[in-house]
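Student: I'd like a close look at one part of this model, with the surroundings filled in where they help. Could you walk me through it?

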Amino acid sequence: MGQGNSKAAALRVRLDTSRPALAMAAHNPLAAKLAAEAGFDAIWGSGFELSASYAVPDASILPMGTHLEMMRAIGEAQDAPVIADIDTGFGNAVNVAYAVPRYAAAGVAAVVMEDKTFPKDSSLRPGGRQALVSIAEFQGKIEAAKAVGGMLVVARTEALIAGLGQDEALRRGAAYVEAGADAILIHSKQKTPDEILSFCRAWPRRTPLALVPTSYPQLSFADIAELGKVGLVICGNHAIRAAIAAMRSAFKRILAEGGIAGVEGDIASVADVFALQGDARMRELEKAYLR
Ligand code: SPV
Ligand code: MG
């Protein structure tokens with residue numbers, strides 16, 4: 001386990017602070033395939049999306065194996081590198097040392113690990129528990145992840161989410177770089193980008209930053225690129241939110257209209273679904289091998 005992986009190498013090059021890589025969230029291989037088809041550079045293996053797709057809170061409820069197998073399936077279904085959201089690393093540094101080689105073996109290009117205590121709570125949840133582990137403990141977890149090799153380790157600090165302020169966020173970011181992090185994800189749930197802009201401007205390192213602008217969507221990709229500090233922008237939950245809105249609308253209309261005819265033009269065709277399922281490949285296989 002832990003052999004070098006070419007998608008990790010490509011992603012490392014793509015973390016370009018003058019033109020940040022764009023990752024779209026996915027909760028299953030189909031969503032990942034659509035994100036890659038749309039042109040996103042990477043797939044965000046979001047814990048929030050996967051939890052939502054099981055209709056459970058994003059609070060360390062789903063087991064590691066459920067997330068891991070989804071990351072493997074997402075990687076197999078399409079070519080964009082997978083950035084796996086491993087939350088807290090499923091416990092302490094010993095848990096990280098167990099988990100990360102398995103993610104490497106599943107072919108993911110990067111893991112993102114956050115400095116919250118296990119079990120975690122969603123960063124976006126109003127009034128959620130946002131207790132952080134010590135800097136020293138999290139450095140040990142980064143070192144355990146880095147020891148695996150062959151993939152990028154993105155360290156995520158929740159200092160701003162926990163209300164600890166910019167100085168603490170900068171201190172944690174720097175300490176995580178010292179421990180070997182390849183990038184620092186800095187998260188904020190402020191409704192304006194001010195807090196994030198201030199952090200990015202104050203970030204003194206060459207190590208690229210990663211942002212998840214869910215709460216401050218007014219900050220465009222071009223605005224982020226202009227900062228010259230951010231190598232990765234993650235659209236954290238737009239696949240599941242788009243799916244929820246589309247399903248709600250179609251389901252409501254079908255009942256209201258007393259039939260399925262009305263939605264026909266607004267939903268994907270069955271032929272589209274066949275194509276996404278790999279029907280062309282199945283026809284080749286049938287031709288070659290079915291006797
Ligand atoms: C996720 O998508 O699972 C994330 C981003 O970790 S957030 O939900 O904003 O914490
Ligand atoms: Mg998450």
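Let's take the loop that holds Ala55: does Ala55 count as buried or exposed, and why?

Tutor: Keep in mind throughout that this is a predicted model. Ala55 counts as exposed, because its relative accessibility is 69% and the cut-off for exposed is over 50%. The residue sits in the loop between H3 and helix H4 (64-77). Its backbone deserves a look too: Ala55 is not a glycine, yet its phi is positive, about 55 degrees. For context, most residues other than glycine have a negative phi.

Stay in that loop and you'll run into Ser60, which also lies between H3 and H4. Here again phi is positive in a residue other than glycine, near 55 degrees. Ser60 counts as partly exposed, because its relative accessibility is 21% and buried would mean under 20%.

The loop between H3 and H4 has another residue for us, Asp58. This one counts as buried, since its relative accessibility is 10%. A polar atom of the Asp58 side chain lies 3.5 Å from the backbone nitrogen of Phe48. Setting aside residues up to four places away in sequence, Asp58 touches Gly47, Phe48 and Ser51, and also Asp87, Lys120, Asp121 and Ser122.

Asp58 also takes us to the ligand, as one of the residues around ligand 1. The others in that list are Trp44, Ser46, Gly47, Phe48, Asp85, Ser123, Leu124, Arg156, His187 and Gly236. Look at the oxygen atoms of the ligand now. An oxygen of ligand 1 has a backbone N or O atom of Phe48 at 2.8 Å. On the side-chain end of things, an N or O atom of His187 is 2.8 Å from an oxygen atom of ligand 1, and for Ser123 the corresponding side-chain distance is 3.5 Å. Ligand 1 taken alone exposes 280 Å², and the protein buries 100% of that.

Phe48, then, turns up twice: its backbone nitrogen is 3.5 Å from the Asp58 side chain, and a backbone N or O atom of Phe48 is 2.8 Å from a ligand oxygen.

Next, Ser46, another residue around ligand 1. You'll find Ser46 in the loop between strand S2 (42-45) and H3. At 1% relative accessibility, Ser46 counts as buried. A polar atom of its side chain lies 3.4 Å from the backbone oxygen of Gly236. If you leave out neighbours within four places in sequence, Ser46 is in contact with Ala25, Ala26, Asp85 and Gly236. Of those partners, Asp85 and Gly236 are also listed around ligand 1.

H3 leads on to helix H10, because what covers the buried residues of H10 includes helix H3 (47-53), along with strand S1 (21-25) and helix H2 (29-38). The buried residues in question include Ala239, Ile240 and Ala250. They sit on the same side of H10, because they cover an arc of only 105 degrees around the axis. Turn to the face pointing away from that buried side and you get the exposed residues Arg248, Lys252 and Ala256. That spacing fits a familiar pattern: an α-helix has 3.6 residues a turn, so residues three or four places apart point the same way.

The length of H10 checks out as well. At 1.5 Å a residue, its 20 residues (238-257) should span 28 Å, and the end C-alpha atoms are 28 Å apart, which agrees. After the helix comes Gly258, with a positive phi near 70 degrees.

One more backbone feature while we're at it. The peptide bond from Phe118 to Pro119 is cis, with omega near 0 degrees, whereas most peptide bonds are trans. Pro119 belongs to the loop between strand S4 (110-114) and helix H6 (135-146).

So, back to where you started: Ala55 is exposed because its relative accessibility is 69%, while Asp58, in the loop between H3 and H4, counts as buried at 10% and is listed among the residues around ligand 1.

Key. Residues numbered from 1 in each chain as written. Chains lettered and ligands numbered in written order. Predicted model: local features only at pLDDT ≥ 70, side-chain atom pairs only at ≥ 80, totals over all residues. Heavy atoms only, no water. Helix = DSSP H or I, 4+ residues; strand = E, 2+ residues; numbered from the N terminus. Expected span 1.5 Å × (residues − 1). Buried < 20%, exposed > 50% of the residue type's maximum accessible area, 1.4 Å probe, protein only. Arc of directions from axis to C-beta. Contact = heavy atoms within 4.5 Å. Near = heavy atom within 4 Å. Polar contact = N/O pair within 3.5 Å; in protein donor to acceptor, adjacent residues only side chain to side chain. Areas by Shrake-Rupley, 256 points an atom, 1.4 Å probe, with all protein chains shown as cover.
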